Every structure is written in C-alpha cells, then in structure tokens.
Amino acid sequence: MTKIISVENKINNNDKLRGLKDFNEVFEFVKHSVNSVFEMKRAGLSLMLHKMPTRVGAYHVLGSNVIAINSILLEQVRKHSASNDEYNSYLFTVLLHEYLHSFGILDEHTVRQMSVELCEKFFGEERMVTVIAKDPLKIFPQLGSVSYDKFENKYELIKDFDKSNQTYIQ
Ligand SMILES: [Zn+2]
C-alpha cells in the first residue's frame, strides 16, 4: 500500500529537493519521502564517504547503522552536475537506495523498484530524480568511464548525520 501524493505536493517536493544544502538535509528529505509513500521510518544511521571501486555506488552494512557513499563517484557527479537539481537528485537516489536496504530489504531488484516507484509518486514520472533512480548513467554518462579499483582504508564520517528529529510539515 502506498499513499497518493497530490500534484501540488509533487511540485513542492521538486522545489524542495532543488534547495537542499547538505547531506543531512537531503537525507531528512529521503526519510520524509519514504514515510510519505511507504509509511516506513527508522533513525540512527551514520553516513561515511568512502573511496571505493567505481562499480559500487554506495553500500549499507547489513545489521549496522552505516551507509557509505562512494566519494569518487560523488565527486564526479559534483563536477559534471549542471545544476544543484542534478547533484541533489543523484544524492537523493543513492541515499534512498541505502536507506531502503537499512530496513532489511536485501533484494537489489526490489530496492530498485521501490526507489523508482517512490520517485514517480513523490516527484513525478518525468523528473530528473526519477530518471536517475532508473539509470544514473542517463544523466551522468561520465560515471561509466571512471575507474578506481580498491577500497581505501580511510573514510570520512559526516558529522551530526541523522541526529535531528525534524519533521516536514506539508
Ligand atoms: Zn543495493
């Protein structure tokens, strides 16, 4: 069962996504969207930026509270984004994917389908974020040619991630 989001709210959601300023704001918005569409929520996750092989966009360690984003790919996305909308859309879909895994949904296909469904319902079918949820290479073809092949020992922990109890009011 999913909830229906009105056209006005979809437009609002697109405007909000464009204006988000950091990891925390994007993640709060991911949580809000998942709660709005699927009525699922959880808290207490940590975010790491990690240099890792470019075939891995991000990962969640099962049973842990950690989401890690591939900072090599993210850097490429930042470099090639034509707008805040593009960058935030990429970040949104990556965090969304791992957030869904953190509920114990392991199957890749299921998580991808849920991500696309959420974007279609929350933002609209033709939106940038929905296109990226289906295939990030459509918007960022450069990601296909970046090559990095190891997991670095170091990572950067994002401070104060998922600490707020902020709720969005429609
Ligand atoms: Zn996955």
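Okay, before anything else: when I say two residues are in contact, I mean that their C-beta atoms, placed from the backbone, lie within 7 Å. Keep that in mind, since it's what I have in mind when I say that Ser33, Val34, Ser36 and Val37 in helix 2 meet Leu118, Lys121 and Phe122 in helix 5. And please remember that this is a predicted model.

So, the overall picture. The protein chain has 7 helices and 4 strands. Reading from the N terminus, the order of elements is α-α-β-β-β-α-α-α-α-α-β. How compact is the protein chain for its 170 residues? Its radius of gyration is 15 Å, close to the 15 Å from the globule rule, so it's as compact as a globular protein of that length. If you want a box to put around the C-alpha trace, the spans along the principal axes are about 45 × 35 × 30 Å.

Let's do the sheet. It's an open one, built from 4 strands in the order 2-3-1-4, with mixed pairing. At the edges sit strand 2, residues 58-60, and strand 4, residues 155-157, and each of these pairs on one side only. Going from one strand to the next, the twist averages 25°.

Now look at strand 1, residues 46-50. Which way does strand 1 run relative to strand 3, parallel or antiparallel? Those two run parallel, and 5 bridges join them. Leu47 is one residue to click on here, with Ile67 of strand 3 opposite. With strand 4, strand 1 pairs in the antiparallel sense, over 3 bridges. On that side, Leu49 stands opposite Glu156, and His50 has Tyr155 as its bridge partner. One general reminder while we're looking at strands: side chains in a regular strand alternate between the two faces of the sheet.

What lies across the sheet here? Helix 3, residues 71-80, lies across strand 1 and strand 3, and its direction is at about 55° to strand 3. Strand 3 itself covers 66-70.

Okay, helices. I'd like to take helix 2, helix 4 and helix 5 pair by pair.

Pair one: helix 2, residues 23-38, against helix 4, residues 84-101. Their axes are 9 Å apart and the packing angle is about 55°. The two helices are therefore oblique to each other, and helix 2 passes helix 4 in a right-handed crossing. From helix 2, the contact uses Val26, Phe27, Phe29, Val30, Lys31 and Val34, and from helix 4 it uses Asn88, Leu91, Phe92, Leu95, Leu96 and Tyr99. What's the mix of nonpolar, polar and charged residues in the contact of helix 2 with helix 4? It comes out as 10 nonpolar, 1 polar and 1 charged.

Pair two: helix 2 again, this time with helix 5, residues 108-122. Here the angle is about 85°, and the axes are 10 Å apart. That makes helix 2 roughly perpendicular to helix 5. This is the contact I opened with, where residues including Ser33 and Val34 of helix 2 meet Leu118, Lys121 and Phe122 of helix 5. By type, the residues of this contact divide into 4 nonpolar, 2 polar and 1 charged.

Pair three closes the loop: helix 4 with helix 5. The two axes come within 10 Å and cross at roughly 130°, which makes helix 4 oblique to helix 5. This crossing is right-handed. On the helix 4 side we have Thr93, Leu96, His97, Leu100 and His101, and on the helix 5 side Val111, Met114, Ser115 and Leu118. The division by type in the contact of helix 4 with helix 5 is 5 nonpolar, 4 polar and no charged.

That's my tour. Happy to spin the model around if anyone wants another look.

Key. Residues numbered from 1 in each chain as written. Predicted model: local features only at pLDDT ≥ 70, side-chain atom pairs only at ≥ 80, totals over all residues. Pairing = 2+ DSSP bridges. Axes fitted to C-alpha atoms, helices over the stretch in contact; angles between N-to-C directions. Parallel < 35°, antiparallel > 145°, perpendicular 65-115°, else oblique. Left-handed = near helix turned anticlockwise from the far one by under 90°. Nonpolar A, V, L, I, M, F, W, Y, C, P; charged D, E, K, R; others polar. Rg over C-alpha atoms; globule rule 2.2 N^0.38 Å.
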